[in-house]
Amino acid sequence: MKSHTLLFLLAGLMVASSTNATEAAHVQASHAWLRVLPGDLPAGAYVTLENDGDQPAVLSGASSPLYADVMLHKSSSDGGMSRMAMVDSLSVPAHGKAILAPAGYHLMLMKATHPVKPGDTITLNLKFADGSTLATNFLARPANAMDSGP
Amino acid sequence: MKPLPSLRLALLLLLLAVIALSGCDSSQKLPFRLTDVSGHMPDLDFKLTDDHGKAVTGADYRGKVVVLYFGYTHCPDVCPLTLAQLHVVMQRLGPLADKARILFVSVDPARDTPAVMHTYVNAFDPRAIGLTGDARDIEALSKRYRSAYTREPSGKDGSYEVSHSSAIYVFDNKGGARVLATPADSQDDLVHDLHLLLDTGTQS
Ligand SMILES: [Cu+2]
């Protein structure tokens with residue numbers, strides 16, 4: 001009986017330690033791209049995030065040495081009006097995904113420290129609520145691109 | 001309380017006359033898939049500045065099928081998406097697209113100078129034209145098509161967003177308002193309806 005209890009305890013500890021891994025460690029990023037606009041206009045960045053963990057991973061923002069300002073935003077449309085608002089976070093559900101895509105959630109990149117051209121790859125550090133980060137490469141695509149490309 | 005039969009008939013005839021009159025200018029009825037606004041919206045008319053800095057009016061685009069959309073260049077998400085979608089639509093029209101123009105009207109003339117508009121629209125499609133101008137003239141055009149926009153409060157750094165109608169207006173080559181679309185509508189339907197206008201445009 002005693003050894004059983006010990007086993008349960010050990011198993012419990014293992015589960016606990018796996019959920020203790022950082023949020024970022026459970027997230028895979030794909031289809032990461034940004035839309036390059038002329039001049040110093042703000043650009044939208046998009047990515048698909050998949051969480052293989054048992055707990056939600058909460059994206060709280062991003063940063064990059066290439067942009068003075070990066071904000072998590074959401075575009076919405078109601079009553080035929082397009083709006084954009086800042087949001088504090090976006091949850092990637094446990095064993096689920098969250099999609100940042102045009103006309104919805106996006107990272108808004110502002111004040112580039114040097115010009116970004118289509119074809120460039122830039123790195124954004126995605127930040128999660130527990131303080132962990134995920135360095136993700138984003139492909140810079142032309143203004144009239146519809147998605148992350150082939 | 002019942003109106004006399006003769007009065008009823010007169011009203012009916014009057015109604016028919018109104019329909020016939022409003023229909024005569026926007027030529028024949030076409031089987032549009034998107035919202036048909038023929039006869040329900042005023043002809044294309046405005047007084048603005050194009051992206052070469054030239055003063056233009058709606059009459060300058062007679063002979064072209066016009067796709068009109070309101071937005072602003074500091075809009076990082078929805079405006080570029082809509083213009084990218086319109087670019088795809090133009091590509092799908094092939095050589096017919098030469099008889100069409102995308103008019104992108106700025107609702108943020110304080111920041112959108114003709115020069116800014118020029119590089120902006122050309123990043124999307126060679127048949128896109130950026131229009132800006134006096135805030136009052138832009139408001140007049142927006143009101144004419146029951147469109148709306150609001151400047152949101154500025155952030156700490158002075159940057160601001162402008163919420164705006166997402167409607168896409170399609171005019172025939174005589175300046176008649178014909179179709180109302182939204183960015184959520186299917187691209188196939190917009191291509192279909194533009195085909196109808198561009199095909200009939202070649203016959204007349
Ligand atoms: Cu935004």
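Visitor: I should like to begin with one residue; is His31(A) buried or exposed?

Guide: His31(A) is exposed, with a relative accessible area of 54%, where exposed stands for over 50% relative accessible area, buried for under 20%, and partly exposed for what lies in between, found with a 1.4 Å probe and protein chains only. Please keep in mind that this is a predicted model, in which local features need pLDDT of at least 70 and side-chain atom pairs count only at pLDDT 80 or more, while totals for chains, interfaces and linings use all residues. Residues are numbered from 1 along each chain as its sequence is written, chains are lettered from A and ligands numbered from 1 in the order in which they are written, and side-chain values use heavy atoms, with hydrogens and water left out.

Visitor: Where does His31(A) sit, and what is the value of its phi?

Guide: His31(A) lies in strand E1 of chain A, residues 27-35; such labels are DSSP runs numbered from the N terminus, with helices (H or I) of at least four residues and strands (E) of at least two. Its phi is near 50 degrees, which is positive in a residue other than glycine. Lys111(A), in strand E8 (residues 105-112) of chain A, also has a positive phi, of about 55 degrees, although it is not a glycine, and at 36% relative accessibility this lysine counts as partly exposed.

Visitor: Which elements make up chain A, and how much of the chain is buried?

Guide: Chain A has one helix and 10 strands, and the helix stands ahead of the strands when the elements are read from the N terminus. Of its 150 residues, 41% are buried. The surface that chain A exposes is about 7700 Å², with 60% supplied by carbon and sulfur atoms; areas come from the Shrake-Rupley method with a 1.4 Å probe, and for residues only the protein chains shown count as cover.

Visitor: How should a metal site be read, and which residues coordinate the copper ion?

Guide: One looks for donors, that is, N, O and S atoms within 2.8 Å of the metal (3.2 Å for Na, K and Ca), and since water is not among the atoms, sites may look incomplete. Here the copper ion is coordinated at 2.2 to 2.7 Å by ND1 of His73(A), SD of Met84(A), NE2 of His106(A) and SD of Met108(A). In sequence these donor residues follow the spacing H-x10-M-x21-H-x1-M. Met84(A), in strand E5 (residues 81-86) of chain A, and His106(A), in strand E8 of chain A, are 22 residues apart and link distant parts of the chain. Met84(A) is buried at 18% relative accessibility, and His106(A) is buried at 0%.

Visitor: Why is the arrangement around the copper ion called tetrahedral?

Guide: It is called so because the four donor atoms subtend angles of 85 to 135 degrees around the copper ion, and four donors count as tetrahedral if all angles lie between 85 and 135 degrees.

Visitor: Turning to chain B, in what order do the strands of its open sheet of eight strands lie?

Guide: Strands of a sheet pair through backbone hydrogen bonds, either parallel or antiparallel. In chain B the order is E1-E10-E9-E4-E5-E6-E2-E3, with mixed pairing, two strands being paired if DSSP finds at least two bridges between them. Strand E1 (35-36) and strand E3 (55-57) of chain B are the edge strands, each pairing on one side only.

Visitor: How does E6(B) pair with E5(B) and with E2(B)?

Guide: E5(B), residues 100-106, runs parallel to E6(B) and is joined to it by four bridges; Val105(B) stands opposite Leu131(B), and Phe104(B) opposite Gly130(B). E2(B), residues 47-50, pairs with E6(B) in the antiparallel sense over two bridges, and there Thr49(B) has Thr132(B) as its bridge partner.

Visitor: Which residues of E6(B) are buried on its two faces?

Guide: Ala128(B), Gly130(B) and Thr132(B) are buried on one side, and Ile129(B) and Leu131(B) on the other. In other words, five of the five residues in E6(B), 128-132, are buried.

Visitor: Which unit do E5(B), helix H3 and E6(B) make?

Guide: Together with helix H3 (residues 114-122) of chain B, they make a right-handed β-α-β unit; right-handed says that, with the strands pointing away from the viewer, the path from the first strand over the helix to the second runs clockwise.

Visitor: Lastly, which residues does Arg101(B) touch?

Guide: Contact means heavy atoms within 4.5 Å. Leaving aside residues up to four places away in sequence, Arg101(B) touches Lys64(B), Val65(B), Val66(B), Val67(B), Met90(B), Arg127(B) and Ile129(B), and Arg101(B) itself is found in strand E5 of chain B.

Note on methods
Tetrahedral: all angles 85-135°; square planar, octahedral: opposite > 155°, others 65-115°.
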